[in-house]
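Please look through the structure below. A short report on its main features follows.

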Amino acid sequence: MRLIFLGAPGAGKGTQAEMICRDFSIVQLSTGDTLRANVRVHTELGAKAKKYMDEGSLVPDQIIIDMIAGELTKPELANGYLLDGFPRTVPQAEALDTLLIDLNQKIDAALVLDVPEEELVGRLTARRTCRTCSKSYHIIYNPPKVAGICDLDGGELYQRDDDKEEPIRHRLQVFHSKTMPLIEYYHSKGMLRTIDGMGKIEDIYKRIFTKK
Ligand code: AMP
């Protein structure tokens with residue numbers, strides 16, 4: 001199974017992606033997590049990406065496309081994968097189509113989690129992320145068992161710099177201008193599935209696999 005997860009920042013892609021990947025034994029490829037890992041250990045890629053990430057802008061397409069091209073050939077992806085946060089622009093989607101032809105692969109579906117804008121802002125400002133494994137929590141609706149500590153690995157939870165009010169507004173604008181066109185892109189290919197992203201995490205998960 002190969003999936004693309006579209007959806008605004010804060011729509012719940014990462015949370016649902018983690019559950020899908022666990023249950024179907026496929027690999028979650030989060031471009032945001034990969035970039036943050038590169039920033040953390042000061043790679044050349046991290047240095048190039050950091051200023052865009054800090055302000056909530058997109059990292060230039062070619063940097064992202066080269067990064068994903070390297071990931072998609074990894075043997076651990078043989079059972080399938082879920083692209084979380086990629087593609088985010090039409091040029092990225094077109095580049096992915098070319099990569100898939102070269103790899104002789106097909107994507108099964110592009111999933112969109114639909115969540116109203118005001119809810120997104122609330123979710124992002126309340127989000128805390130594990131420094132070690134990137135699992136995210138909502139301080140009220142999906143809190144860790146012990147405040148400030150990741151349930152999975154005991155890592156420290158922190159608030160991402162781009163999960164603050166100003167970068168959030170900017171990220172949402174970027175989503176509207178650059179990523180929304182992908183909804184039409186995948187709709188026109190008959191690959192789009194829109195899922196109501198409001199409600200309990202488990203209910204949203206069930207909706208993803210309920211045929212309408
Ligand atoms: P995320 O964790 O998916 O919210 O991504 C965090 C940040 O990483 C974004 O605001 C962008 O700066 C950068 N980023 C992640 N994925 C992409 C992508 N596909 N294209 C461009 N920038 C990206």
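At what angle do the axes of helix α5 and helix α8 cross? They cross at roughly 35° and come within 9 Å. Helix α5 covers residues 90-103, and helix α8 covers residues 181-188. Axes are lines fitted to C-alpha atoms, for helices over the stretch in contact, and angles run from 0 to 180 degrees between N-to-C directions. Helices (H or I, at least four residues) and strands (E, at least two) are DSSP runs, numbered from the N terminus.

On the α5 side, V90, A93, E94, L96 and D97 make the contact, and P181, L182, Y185 and Y186 do so from α8. Contact means heavy atoms within 4.5 Å. By class, these residues are 7 nonpolar, no polar and 2 charged. Ala, Val, Leu, Ile, Met, Phe, Trp, Tyr, Cys and Pro count as nonpolar, Asp, Glu, Lys and Arg as charged, and the others, Gly among them, as polar.

This is a predicted model: local features need pLDDT of at least 70, side-chain atom pairs count only at pLDDT 80 or more, and totals for chains, interfaces and linings use all residues. Residues are numbered from 1 along each chain as its sequence is written, and side-chain values use heavy atoms, with hydrogens and water left out.

Now the ligand. It is surrounded by 16 residues, each with a heavy atom within 4 Å of it. The closest are T31, R36, S57, G85 and Q92. The shell has 6 nonpolar, 5 polar and 5 charged residues. Helix α2 (residues 31-40) gives the largest share, 4 residues. The table lists polar contacts, here pairs of N or O atoms within 3.5 Å.

| Ligand atom | Protein partner | Distance |
|---|---|---|
| nitrogen | polar backbone atom of G85 | 2.9 Å |
| oxygen | N or O atom in the side chain of R88 | 3.0 Å |
| oxygen | N or O atom in the side chain of R171 | 3.3 Å |

Taken alone, the ligand exposes 480 Å², and the protein buries 96% of that. These areas come from the Shrake-Rupley method with a 1.4 Å probe.

Next, a sheet. It is open, has 3 strands in the order β6-β5-β7, and its pairing is antiparallel. Two strands pair if DSSP finds at least two bridges between them. The edge strands β6 (136-138) and β7 (157-158) each pair on one side only. Strand β5 (residues 127-130) is joined to β6 by 3 bridges. T129 stands opposite S136 in β6. Helix α6 (residues 117-125) lies across β5 and β6, at about 45° to β5.

Two loops remain. The peptide bond from F86 to P87 is cis, with omega near -5°. P87 sits in the loop between β3 (81-84) and α5. S25 is not a glycine, yet its phi is positive, about 50°. S25 lies in the loop between α1 (13-24) and β2 (27-30).

Key: Polar contact = N/O pair within 3.5 Å; in protein donor to acceptor, adjacent residues only side chain to side chain.
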